[in-house]
Amino acid sequence: MGMGPSANVRITASIALMVCAVYGLSSTFVGEDLHIFLFPWIEHIRTAGPVNAFREPFGNYTPPYLYLLAIGTLLTQKSLVIIKVLGAMSCGFAAIAVWRLVHTERSSILAAVMSLSLPTMIIDGPMLGQCDGIWVALCLLSVAAAIEGRMLAMVVWCGIAFAFKAQAAFIAPFALTVLLQRRANIILWIVPPAIYCIAMLPAWLAGWPATDLATIYLRQAEYFNTIGSSPGLWAIGVVILPRKPTDLFLIGYAAGIIFFVTYVILLFRRKLSHEQMIEAAVLSALALPFLLPKMHERFTLLADLLALSLTFIYPKRSNGVIATAVVGASSTGYLSYMLAIDWLPIIGCVVNTWVLFELVRRLFRSTATMSQPFEIDQAADQGVIRIST
């Protein structure tokens with residue numbers, strides 16, 4: 001028997017109060033990365049000015065995040081406040097995107113508040129001062145648009161997400177599959193790179209070389225050559241391999257490409273229900289950081305929020321187990337990073353292995369294939385995707 005409206009409101013309010021307290025306490029933590037990266041970037045912006053700072057490359061993030069830091073310098077002289085506020089705001093944006101994806105009258109607000117209480121969200125935003133919530137939120141909005149059949153909105157959100165962080169590519173197998181299913185106009189395929197170019201335009205106009213702007217992600221990949229702390233297959237390598245087994249990374253890249261191609265080939269002609277569409281998005285967001293090397297612990301945050309959303313949209317025990325497993329596995333990566341316990345993500349790797357097999361089993365429990373692009377049946381209460389005729 002479900003909860004009444006008043007009980008739902010009380011639970012939501014209680015969680016919201018807890019989130020405010022935890023976020024406030026967490027914001028006092030100052031991690032090592034702030035001194036190595038963010039504080040020097042902000043100091044450069046202050047020294048050169050919020051516009052002239054972009055006359056030359058600085059930092060290893062794309063300009064859109066640096067724009068936000070520049071705006072922050074106009075509002076306060078306290079660098080820590082800029083970083084922590086942006087981190088908390090990114091979590092809030094992600095929560096709004098969860099609300100939008102869940103989009104059910106009784107559950108959407110509770111889902112949004114619950115997303116803010118996830119340990120991975122708390123550690124990522126208010127504690128570590130990261131802004132992964134931004135690209136994650138944009139990817140969640142792209143999934144919502146895909147499920148509703150709004151192709152332009154889907155690729156726009158994907159493009160903005162990729163302009164903020166390369167890890168937005170984790171949703172690319174899902175987005176590409178949807179474009180193929182809908183036999184989308186070729187113009188839609190060029191929207192994401194066009195948006196990336198537009199996002200770089202202010203920095204280029206200020207003097208940042210175009211060649212550098214076009215290759216930021218390539219240089220970013222070269223900068224980090226350690227295995228990483230993500231709860232994927234490479235977690236095993238952390239304890240048995242040297243910290244920089246660069247030659248072996250090719251195996252991980254090949255595995256990622258094979259997964260990408262296989263995912264698209266096997267799914268783009270399948271008839272998927274609404275629930276399976278979300279499961280497919282979770283699979284896309286979880287499998288790539290699971291297979292690829294040099295993955296940081298926070299790169300599974302998108303999978304965390306997609307799995308949580310799945311639970312609220314289809315509240316059944318098996319989905320709750322999936323969400324708990326995904327978030328729990330992600331937490332082992334964060335704890336490994338913060339406590340310097342290298343073997344801890346191996347536990348997350350084992351858990352994620354089961355989750356991936358379970359998602360694949362669910363997606364292929366039906367043998368039906370698609371002969372026409374899908375379209376959303378707006379009248380269907382369960383949101384089932386049907387074949388157009």
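This text walks through three helix pairs, a pocket and a cavity.

The structure is a predicted model: local features need pLDDT of at least 70, side-chain atom pairs count only at pLDDT 80 or more, and totals for chains, interfaces and linings use all residues. Residues are numbered from 1 along each chain as its sequence is written, and side-chain values use heavy atoms, with hydrogens and water left out.

Start with the helices. Helices are DSSP runs of H or I with at least four residues, numbered from the N terminus. Two packed helices are described by the angle between their axes and the distance between the axes. Each axis is a line fitted to C-alpha atoms over the stretch in contact, and angles run from 0 to 180 degrees between N-to-C directions.

Take H2 (residues 32–48) and H3 (residues 63–75) to begin. Their axes lie 10 Å apart, at an angle of about 60°. That makes H2 oblique to H3. Angles under 35 degrees count as roughly parallel, over 145 as roughly antiparallel, 65 to 115 as roughly perpendicular, and the rest as oblique. The crossing of H2 past H3 is right-handed. A crossing is right-handed if the near helix is turned clockwise from the far one by less than a right angle, and left-handed if anticlockwise. Which residues of H2 meet H3? They are Leu-38, Trp-41, Ile-42, Ile-45 and Arg-46, and their partners in H3 are Tyr-65, Leu-66, Leu-69, Ala-70 and Thr-73. Contact here means heavy atoms within 4.5 Å. This contact has eight nonpolar residues, one polar and one charged. Ala, Val, Leu, Ile, Met, Phe, Trp, Tyr, Cys and Pro count as nonpolar, Asp, Glu, Lys and Arg as charged, and the others, Gly among them, as polar.

Now move to H18 (residues 317–339) and H19 (residues 344–363). Their axes come within 8 Å and cross at roughly 150°. That makes H18 roughly antiparallel to H19. H18 passes H19 in a left-handed crossing. The contact includes Ala-325 and Ala-329 of H18, and Gly-348 and Trp-354 of H19. By class, it has eleven nonpolar, seven polar and two charged residues.

The third pair is H9 (residues 172–181) with H15 (249–267). The angle is about 30°, and the axes are 9 Å apart. H9 and H15 are therefore roughly parallel to each other. Their crossing is right-handed. Among the residues that meet are Phe-174 and Leu-176 in H9, and Phe-259 and Tyr-263 in H15. The contact divides into ten nonpolar, two polar and no charged residues.

Next come the empty spaces. Rolling a probe the size of a water molecule over the atoms shows where empty space is left. The search uses a 1 Å grid over the protein atoms alone. A cavity is a set of points where a 1.4 Å probe fits but cannot get out, while a pocket is an open set with protein on both sides within 12 Å along at least five of seven lines. Lining residues have an atom within 4 Å of a point. Points are joined across faces, edges and corners, and a volume is the space filled by probe spheres set on the points.

The largest pocket has a volume of about 1400 Å³. It is lined by 48 residues, with Gln-167, Phe-224, Lys-294, His-296 and Phe-299 nearest its centre. H2 gives the most to this lining, with six residues. The lining holds 29 nonpolar, eleven polar and eight charged residues.

Cavities of 30 Å³ or more number four. The largest has a volume of about 70 Å³. Its lining includes Tyr-61, Tyr-65 and Phe-164.

Methods
Helices (H or I, at least four residues) and strands (E, at least two) are DSSP runs, numbered from the N terminus.
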